[in-house]
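The following paragraphs explain how one protein chain is arranged, moving from the pairing of its strands to its helices, loops and pocket. Please keep the sequence and the model in view while reading.

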Amino acid sequence: MPVNIDKVHSHVNLAVMRKINFYRTDDDKCPIEEFLDSLSSKQVQKVAWVLQLVEELEVVPTTYLKKLVSTDDIWEVRVQVGGNIFRLLGFFDHDNLVILNHGFQKKTQKTPPKEIKIAESRKKDYLQRKPL
């Protein structure tokens, strides 16, 4: 059955779609996948739902995506499941590509500097290894 393209375009604004990729280390480890493997299925479902919002919404509420101040353009995806707060840190590579490179459970009011440093270090590694 042919797809009605006009109907597809009315539901999806292709211009604002972001794509989320997970950073991989030089030896092909994926810190985000490892972090997600440590969560319960309910927690992973909520993370997946928030990541879908980040990919699809033209304007993502700061409840779910926020730029961290005083960092090397690090952004945090914000997820709350019950009393647990999770953060996935990353950065934009061009306008619509989000590279997530670090995840952790947040237990303090402010994002711990050591978590930001990990994300900044992985961003630097990604950009150095990225093909031109």
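Strands S4 and S5 run antiparallel and are joined by 8 bridges. Strands and helices are taken here as DSSP runs numbered from the N terminus, with at least two residues (E) for a strand and at least four (H or I) for a helix; two strands pair if DSSP finds at least two bridges between them. One position in this pairing is Phe86, which stands opposite Gln105 in S5. The hairpin of S4 and S5 has 4 residues between the strands, and His94 in this hairpin takes a positive phi near 75°.

The model is predicted, so local features need pLDDT of at least 70 and side-chain atom pairs count only at pLDDT 80 or more, whereas totals for chains, interfaces and linings use all residues. Residues are numbered from 1 along each chain as its sequence is written, and side-chain values use heavy atoms, with hydrogens and water left out.

Gln105 itself lies in strand S5. Apart from neighbours within four places in sequence, Gln105 is in contact (heavy atoms within 4.5 Å) with Phe35, Asn84, Ile85 and Phe86. Its C-alpha is 9.8 Å from that of Leu39, although the two residues are 66 apart in sequence. Is Gln105 buried, partly exposed or exposed? It counts as partly exposed because its relative accessibility is 34%; buried means under 20% relative accessible area, exposed over 50%, and partly exposed in between, with a 1.4 Å probe and protein chains only. Strand S5 as a whole is mostly covered, with 9 of its 10 residues buried.

The wider sheet can now be followed outward from this pair. It is an open sheet of 5 strands in the order S1-S5-S4-S3-S2, and its pairing is mixed. Strand S1 (19-22) and strand S2 (65-67) are the edge strands, each pairing on one side only. On average, neighbouring strands of this sheet are turned by 35° against each other, direction ignored; the axes are lines fitted to C-alpha atoms, for helices over the stretch in contact, and angles between N-to-C directions run from 0 to 180 degrees. Strands of a sheet pair through backbone hydrogen bonds, either parallel or antiparallel.

On one side of the sheet order, S1 and S5 pair in the parallel sense over 4 bridges, and Lys19 stands opposite Leu97 in S5. Elsewhere, strand S3 (residues 75-81) and strand S4 (residues 84-92) run antiparallel and are joined by 7 bridges. Among the facing positions, Glu76 has Leu89 of S4 as its bridge partner, and Val81 stands opposite Asn84 in S4. S3 and S4 form a hairpin with 2 residues between them, and Gly82 in the turn has a positive phi of about 60°. S2 and S3 are antiparallel as well, with 3 bridges between them; the bridge partner of Leu65 in S3 is Val77. Strand S3 is largely enclosed by the rest of the structure, because 5 of its 7 residues are buried.

Helices accompany these strands. The chain has 4 helices and 5 strands, which follow the pattern α-β-α-α-β-β-β-β-α along the sequence. Helix H3 (residues 41-56) packs on the sheet and touches S1, S2, S3, S4 and strand S5 (97-106), its direction making about 140° with that of S3. Helix H4 (residues 113-129) lies across S4 and S5 and runs at about 155° to S5. Of the contacts in the chain between residues at least 6 apart in sequence, 48% join residues at least 24 apart. Buried residues make up 39% of the 132 residues in the chain.

Two loop residues deserve a look at their backbone angles. Most residues other than glycine have a negative phi, and most peptide bonds are trans. Asp28, in the loop between S1 and helix H2 (31-37), has a positive phi of about 70° although it is not a glycine. Ser70, in the loop between S2 and S3, has a positive phi near 55°. Ser70 counts as exposed because its relative accessibility is 79%.
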